[in-house]
Amino acid sequence: MSSPQGSIVVGYDGSPASRAAVEWATAEAVRLHVPLRLVQVLDPIVTSRSAPGQVVPSAAHRAARQQALDALATGIGLHQPHLSVDTRVLEGRPAEQLLQETDQAKLLVLGSRGLGGWTGLMVGSVAVQVSTHAACPVVVVPSDLHSRINDPASVIVGVDGSKISAKAIDFAFDQAEALHADLVAVHAWTSPYLTYADGESMIAFDEEAEKESCRLLVAESVAGAAADHPEVRWQTRLISGQAGRAILVAAQSANLVVVGSRGRGGFAGLLLGSVSQSVLHHAHCPVAIVR
């Protein structure tokens with residue numbers, strides 16, 4: 001059974017990051033007046049390489065997990081009595097099961113890292129897989145959520161003029177309004193210098209004219225969302241260099257970073273672009289991937 005239409009789904013496994021994800025998702029569900037679903041996936045264990053096989057979680061183990069998840073939902077209900085919260089304990093591969101939940105969900109929220117995997121990576125494999133293939137926006141939340149809450153609050157959004165970027169802008173303005181945060185629209189620009197003849201001459205260009213063109217692109221891209229959210233203060237930030245690096249530089253003191261799943265460049269066959277992957281792997285604050 002897929003998640004309720006328009007609900008917020010949060011993946012939970014007991015890790016610090018998943019607990020932070022539940023907190024973030026609960027606040028968002030309350031704000032949007034939509035149901036919240038807590039999902040835990042029990043992954044079958046491979047016994048050994050010499051005698052491969054799977055150990056399916058026992059009925060007792062599943063019942064214990066369901067009881068713990070229900071207790072978590074009850075605790076949320078005590079603080080948010082008007083919020084509809086339901087729970088599901090599923091069996092299978094976590095990414096596959098969570099992806100099925102996104103078919104009708106409004107938003108999926110995950111912790112940046114679960115209990116397994118390589119601790120040297122900022123984001124776990126499940127978060128990457130789900131962000132790549134989800135049918136709805138995905139927010140990935142770090143375990144140290146409270147240390148990332150900055151004052152004054154700010155939301156960063158990457159802008160490149162693409163259709164997906166426009167969706168990211170709408171999402172970012174909505175979040176900025178909810179957080180009473182300033183919004184920073186980041187656009188990366190590169191010098192169009194072309195060298196030839198061993199660098200002895202180059203095509204000259206007007207750097208200020210190039211920057212003004214970029215400012216116009218951002219202004220046109222943001223205009224609709226800004227008009228719909230007149231209370232949100234926003235500004236343009238142009239950063240020379242690669243887009244992923246530009247967004248990460250701007251996001252060092254942000255409360256949330258919002259990027260489109262794919263921008264203008266790259267290979268059309270890739271579902272998650274290099275910029276969104278870079279931000280997902282290296283940002284230290286919650287990251288929203290919008291498609």
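**Exercise 1. Work out what share of the residues in this predicted model is buried.**

Solution. Start with the chain: the protein has 291 residues. Of these, 44% come out as buried. For the fold around them, count eight helices and 14 strands.

**Exercise 2. Place Gln-175 and decide whether it is buried or exposed.**

Solution. First, find helix H5, residues 163–179; Gln-175 sits there. Next, check the accessibility: the cut-off for buried is under 20%, and Gln-175 has 2%, so it counts as buried. Then look for company beyond four places in sequence: Gln-175 touches Trp-24, Glu-28, Arg-31, Val-155 and Leu-256. With Glu-28 there's also a side-chain to side-chain polar contact at 2.6 Å.

**Exercise 3. Find the salt-bridge partner of Asp-174 and say which helices the pair links.**

Solution. Step one: the partner is Arg-31, with the closest N and O atoms 3.1 Å apart. Step two: Asp-174 belongs to helix H5 and Arg-31 to helix H1 (residues 16–32), 143 residues apart, so the pair links distant parts of the chain. Step three: Asp-174 is partly exposed at 25%, and Arg-31 is partly exposed at 26%.

**Exercise 4. Examine the salt bridge between Glu-101 and Arg-37: are its two residues buried or exposed?**

Solution. Begin with the distance, 3.2 Å from N to O. Glu-101 is in helix H3 and Arg-37 in strand E2, 64 residues apart. Now the accessibility: Glu-101 is buried at 2%, and Arg-37 is buried at 3%. Finally, widen the view: both residues belong to a salt-bridge network with Asp-86 and Arg-88.

Terms used: Residues numbered from 1 in each chain as written. Predicted model: local features only at pLDDT ≥ 70, side-chain atom pairs only at ≥ 80, totals over all residues. Heavy atoms only, no water. Helix = DSSP H or I, 4+ residues; strand = E, 2+ residues; numbered from the N terminus. Buried < 20%, exposed > 50% of the residue type's maximum accessible area, 1.4 Å probe, protein only. Polar contact = N/O pair within 3.5 Å; in protein donor to acceptor, adjacent residues only side chain to side chain. Contact = heavy atoms within 4.5 Å. Salt bridge = Lys/Arg side-chain N within 4 Å of Asp/Glu carboxyl O.
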